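Open the model in your viewer and keep the sequence panel visible. The stops below each give a selection and then what is found there.

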Protein chains: 2
Amino acid sequence: MSTFAEQSRADIEQALARDTGEGYDRIFEAARYSLLAGGKRLRPMIVLAFCRLCGGQTAQALSFACALEMIHTYSLIHDDLPCMDDDDLRRGRPSCHRAFDEVTAVLAGDGLLTAAFETAAEAPLPAETVLAGIRCLGRAAGMNGMIAGQVLDLGAEHRQIELDALRLLQDLKTGCLLRAACELGCIAAGRQDADTLAAARRYGEKLGLAFQIQDDILDIEGDAAALGKTVGKDARDEKSTFPALLGLEDCRALVRELTDEAVAALPGAPADRAFLTELAYSLVGRTN
Amino acid sequence: MSTFAEQSRADIEQALARDTGEGYDRIFEAARYSLLAGGKRLRPMIVLAFCRLCGGQTAQALSFACALEMIHTYSLIHDDLPCMDDDDLRRGRPSCHRAFDEVTAVLAGDGLLTAAFETAAEAPLPAETVLAGIRCLGRAAGMNGMIAGQVLDLGAEHRQIELDALRLLQDLKTGCLLRAACELGCIAAGRQDADTLAAARRYGEKLGLAFQIQDDILDIEGDAAALGKTVGKDARDEKSTFPALLGLEDCRALVRELTDEAVAALPGAPADRAFLTELAYSLVGRTN
């Protein structure tokens, strides 16, 4: 991993551990159990990388980065609930409701979603910029964003959907937060011009789709130990997947193509784009 | 009801119907089902009343008022879930997970919590003021506020707790949002001085406790039809209540005493305090 990635990860882990704070023990324990369980930290890393690409510093973007990771984590906790995907394993450990109980998992998710907005609201930036970040977070996580993706996803179980419907579903479920990660980095750096934000969104959109297709491939070919989660669950849940619709070979080609498009969309000088380029390509070869 | 209450209620209902917007149908339908189910609108009404008390206009405070009601509604939806209080009836109709299903109820709650912060972020106020409102909302709803109250509440089932523990529990579970309602009205009006906010919090704290004790009394004496929710459920769940600890007569006296204290805490000129005074006393005589 590059120095930027190493340093960013350390900054993110430290800030996440600090921002969840302390209080009524069981809920904080459950929230921290899920939030501090490792994970790739892909979204907060992208926030920091886009901030740097736009000339900003890590300290400017860290609150937004943590807020986004909290939203991502809350969505995983609720997604794993018995009434949702009913998943026992997450990031290599029992999922939150298995490690604690269902009530605690619901409340820990609610708590992390709330903490995300509290954390974003404390960003050391001009008030207008903080508000722009909060609006971006809300749009991405809300009922026309990630939650809409969850709804479509649950509606698509036990039946086959068309490729366009699957792309929309994944664009909402996974793409929204990845696009927000790119945008939040720009916003934190004080770059809110339409061109920069559009380029950032394009990178996030292409990368998000590539990431999701790769996820589907890994669910078929991957190793549960390396992935840290249940494999073969798409087939078990009779979910529509890209490999089911396009075949594994075409999926691999599409991941490469989307990754190229993501990289081509990056703004800025080549040297500054190095980390986000490397990150995109590393996803193609990833095993987790 | 006073003209202010009537007008405020109309403003609140209209804004809530607008702010939830449209989108992926089932989730919006579920969110609107719960949000627009009537209810006393006590919290948003208090936001508007404190804004007026501090010299502001309804339009300044409406976004915060709606945001707070969305948070209250999301908490009711999640609170009614099978893994939480498992309640079938809310505001005179089937609770959200009964009218829809459990998954939809979880996501509608998540969606409303997110929408609350989006709505607050659109308040037509200076950015610093909007941020102060968002911070107030997050603090009240978060893991050291309302969610902590939920945790204590669930931990207090099937066992008797002491009066102090019950007061803390209720202060967190109900008091936090009521205090936030008072504070948000002041903030929206541009009054953020420590004295005004402390007085507002004191009103909210006393009123919140009076309201909760009255709620416990109604759970014993009330009529399910008038209340629009299940009665006798505290006894069924073996919950610690104020009447169980203090007896009904002492509870009635305490409600009156707390209401007097709430009214005495109100800042401003007597004429301006009329609505909030009336509101406090109307809670003592309420049947729902």
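Start by selecting chain A as a whole: of its 288 residues, 60% count as buried. This is a predicted model, and every value in the tour is computed from it.

**Chain A, overall**

Switch to a cartoon view of chain A, where the secondary structure comes to 15 helices and 2 strands. Along the principal axes, the C-alpha atoms of chain A fill a box of roughly 50 × 45 × 35 Å. The radius of gyration of chain A is 18 Å, which agrees with the value near 19 Å for a compact globule of 288 residues. Consider next the contacts in chain A with a sequence separation of 6 or more: 73% of them are between residues 24 or more positions apart.

**A:Thr58**

Select A:Thr58, which is found in helix α4 of chain A. Is A:Thr58 buried or partly exposed? Its relative accessibility is 22%, and since buried means under 20%, A:Thr58 counts as partly exposed. Show the residues around A:Thr58: leaving aside neighbours within four places in sequence, it is in contact with A:Asp11 and A:Leu48. Then draw a distance from the C-alpha atom of A:Thr58 to that of A:Ala132; these residues are 74 apart along the chain, and the atoms are separated by 18 Å.

**A:Asp86**

Move on to the loop between α4 (58-79) and β1 (89-90) of chain A and pick A:Asp86 there. Most residues other than glycine have a negative phi. The phi of A:Asp86 is near 50°, a positive value. With 40% relative accessibility, A:Asp86 counts as partly exposed.

**B:Arg41**

Now go to chain B and select B:Arg41, in the loop between α2 (25-35) and α3 (42-53). Its phi is also positive, near 60°, and the residue is not a glycine. Is B:Arg41 buried or exposed? B:Arg41 has a relative accessible area of 1% and is buried.

**Helices α6 and α7 of chain B**

Two packed helices are described by the angle between their axes and the distance between the axes. Select residues 102-121 of chain B for helix α6 and residues 127-141 of chain B for helix α7; they pack at an angle of about 160°, with their axes 9 Å apart. That angle makes α6(B) roughly antiparallel to α7(B), because angles over 145 degrees count as such. The crossing of the two helices is right-handed.

Which residues meet between these helices? Show side chains for B:Phe117, B:Ala120 and B:Ala121 on the α6(B) side, and for B:Val130, B:Ile134, B:Leu137 and B:Gly138 on the α7(B) side. The residues of this contact divide into 6 nonpolar, 1 polar and no charged.

**B:Tyr203**

For the last stop, select B:Tyr203 in helix α10 (residues 194-221) of chain B. B:Tyr203 is buried, with a relative accessible area of 0%. Show what surrounds B:Tyr203, not counting residues up to four places away in sequence: it touches B:Phe50, B:Cys182, B:Ala262, B:Val263, B:Ala265, B:Leu266, B:Leu276, B:Leu279 and B:Ala280. Finish with a C-alpha to C-alpha distance from B:Tyr203 to B:Glu261, which are 58 residues apart in sequence and 7.5 Å apart in space.

Key. Residues numbered from 1 in each chain as written. Chains lettered and ligands numbered in written order. Predicted model: local features only at pLDDT ≥ 70, side-chain atom pairs only at ≥ 80, totals over all residues. Heavy atoms only, no water. Axes fitted to C-alpha atoms, helices over the stretch in contact; angles between N-to-C directions. Helix = DSSP H or I, 4+ residues; strand = E, 2+ residues; numbered from the N terminus. Parallel < 35°, antiparallel > 145°, perpendicular 65-115°, else oblique. Left-handed = near helix turned anticlockwise from the far one by under 90°. Contact = heavy atoms within 4.5 Å. Nonpolar A, V, L, I, M, F, W, Y, C, P; charged D, E, K, R; others polar. Rg over C-alpha atoms; globule rule 2.2 N^0.38 Å. Buried < 20%, exposed > 50% of the residue type's maximum accessible area, 1.4 Å probe, protein only.
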